[in-house]
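Work through the exercises below with the structure open beside you. Try each task before you read its solution.

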Amino acid sequence: MKTRFKNSLAACVLGALSVSAQAQVSDDVVKIGVLGDQSGMMADLSGKFGVEAVKMAVEDFGGTVLGKPIEVISADHQNKVDIGVATARRWYENDKVDLILDVPNSAIALAVQDLTRQMKRVVIFTSAGSADLTGKACSPNGMHWTYDTYAYATGVANGVMEDGGKSWYFITSDYAFGHSLERDAMAVVKSKGGQVVGSVRHPIASADFSSFLLQAQASKAQVIGLANGSGDTINSIKQAFEFGIMGSKQRVAALFMSIVDVRSVGLEYAQGLNLVEPFYWDQDDKARQWSERYFKRTGRMPSMVQASNYSAAMHYLNAVKAAGTDASEPVLKKMHETPINDFMTENGRIREDGRIMRDLYLFQVKKPSESKRDWDYYNLVRKIPAEQAFRPLKDGACPLVKS
């Protein structure tokens with residue numbers, strides 16, 4: 001009788017433990033929301049193919065974690081702050097989203113960063129650029145995964161300054177991302193004894209850059225720094241070519257440019273440009289193997305953001321598994337504790353301010369005659385170690401960092 005009672009009691013305890021373990025996943029599902037630009041000028045950088053990268057990560061992970069399904073939802077923020085924040089709030093409050101990914105457009109990202117802190121969830125910015133996300137606007141709930149304006153602006157500006165480009169004129173997109181690029185590149189130019197002779201700001205998603213380019217051309221600056229991105233950078237370069245600026249005594253420096261932008265511009269226009277990226281599909285065997293799988297799925301090679309969406313989602317899911325829960329605090333702790341090693345990152349780590357410390361690479365765009373196949377666009381100039389690429393922790397003004 002006693003033995004039967006003990007067995008029954010043990011069964012009850014095990015059953016209670018099992019229920020407790022299952023209860024560690026809120027709402028019986030781990031839900032990832034991909035908040036992006038699916039119809040505007042940044043859709044090519046991530047967009048619907050960025051969503052596919054996250055779905056690919058979920059499938060590779062096995063589709064479940066801690067015995068519960070993983071669900072991916074997505075939305076287009078249309079590059080409007082009110083729509084982006086309203087979507088994020090609805091996801092957190094009504095749809096019980098655990099993680100928001102992607103978030104191009106730094107103005108939207110900064111607002112979502114603040115909301116995520118309030119809601120005590122997790123956000124990983126794979127496509128937003130503003131270095132303020134790990135500076136004065138840093139959050140214990142946010143991570144900046146791929147790149148930032150400080151790293152890109154200083155990487156390109158340093159390279160151009162070393163090559164003799166001493167006087168600069170900036171054409172800048174008039175929102176947080178462009179302002180950050182301009183600010184950080186200007187700091188490099190001035191610190192190295194260069195001169196900023198002027199700047200002009202343009203609305204995001206501009207179609208006509210003729211007046212801005214004519215002002216830059218008239219300035220006689222040796223370098224025209226494009227502190228913009230995606231469609232704005234593409235249009236700037238194409239129109240600079242039409243005005244005869246490309247290939248002239250003046251040179252154009254694109255402070256933010258990705259492989260999808262090079263593809264849109266074409267090698268004829270883009271050849272010789274220096275740019276910084278954290279990932280190139282042809283950089284090594286691991287990158288090629290993953291990228292060929294992605295190509296079979298989407299019909300295109302991945303951008304840095306699309307690769308990052310996969311990488312970030314996988315790191316998050318591994319942290320949920322290791323923490324035994326999808327509660328944000330233990331998951332964030334595991335993410336910070338665990339090194340990042342995958343097809344695009346070697347010995348990466350998450351710094352106290354949320355900055356993912358990874359090596360970057362300075363590339364030069366190939367001449368058309370050098371390209372052996374479609375998407376074969378870059379020659380490697382040099383690797384930029386993480387500690388050189390990103391802003392020093394002490395200089396970021398992040399309130400999470402103890403002085």
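Contact means heavy atoms within 4.5 Å. The model used here is predicted.

**Exercise 1. The sheet**

Find the order of the four strands in the open sheet, and name its edge strands.

Solution.
Step 1. Read across the sheet: the order is 8-7-9-10. The pairing is parallel.
Step 2. Look for strands that pair on one side only. These are strand 8 (195–202) and strand 10 (251–254).
Step 3. Check the twist. From one strand to the next it averages 20°.
Step 4. Zoom in on one pair. Strand 7 (residues 167–173) and strand 8 are joined by seven bridges. Take Tyr 169 as an example: its bridge partner in strand 8 is Gly 198.

**Exercise 2. Helices against the sheet**

Determine which strands helix 8 lies across, and which strands helix 5 touches.

Solution.
Step 1. Locate helix 8 at residues 230–242. This helix lies across strand 7, strand 8, strand 9 and strand 10.
Step 2. Compare directions. Helix 8 runs at about 155° to strand 9.
Step 3. Turn to helix 5 (residues 149–162), which packs on the sheet. Helix 5 touches strand 7, strand 9 (223–227) and strand 10. Its direction makes about 155° with that of strand 10.

**Exercise 3. One residue**

Decide whether Phe 363 counts as buried or exposed, and list its contacts beyond its sequence neighbours.

Solution.
Step 1. Place the residue: Phe 363 lies in strand 14 (residues 360–365).
Step 2. Apply the cut-off. Buried means under 20% relative accessible area. Phe 363 has 3% relative accessibility, so this residue counts as buried.
Step 3. Set aside neighbours within four places in sequence. Phe 363 is then in contact with Leu 273, Asn 274, Leu 275, Glu 277, Tyr 280, Tyr 378, Asn 379, Leu 380 and Val 381.

**Exercise 4. The largest nonpolar core**

Work out where the largest nonpolar core lies relative to domain 1 and domain 2.

Solution.
Step 1. Start with the members. The core has 112 residues. Those touching the most other members are Ile 124, Trp 168, Ile 171, Val 262, Tyr 316, Met 335 and Tyr 378.
Step 2. Find the biggest contributor. Helix 12 (residues 304–323) gives the most, with eleven residues.
Step 3. Check the domains. Domain 1 (30–147 + 283–358) and domain 2 (150–277 + 361–389) both give residues, so the core lies between them.
Step 4. Follow one member. Leaving aside neighbours within four places in sequence, Met 335 is in contact with Ile 124, Met 143, Trp 145, His 315, Tyr 316, Ala 319 and Ile 350.

Terms used: Residues are numbered from 1 along each chain as its sequence is written. This is a predicted model: local features need pLDDT of at least 70, side-chain atom pairs count only at pLDDT 80 or more; totals for chains, interfaces and linings use all residues. Side-chain values use heavy atoms; hydrogens and water are left out. Two strands pair if DSSP finds at least two bridges between them. Helices (H or I, at least four residues) and strands (E, at least two) are DSSP runs, numbered from the N terminus. Axes are lines fitted to C-alpha atoms, for helices over the stretch in contact, and angles run from 0 to 180 degrees between N-to-C directions. Buried means under 20% relative accessible area, exposed over 50%, partly exposed in between (1.4 Å probe, protein chains only). A nonpolar core is a set of buried Ala, Val, Leu, Ile, Met, Phe, Trp, Tyr and Cys residues joined through side-chain atoms within 4.5 Å. Domain bounds come from an automatic or database domain assignment.
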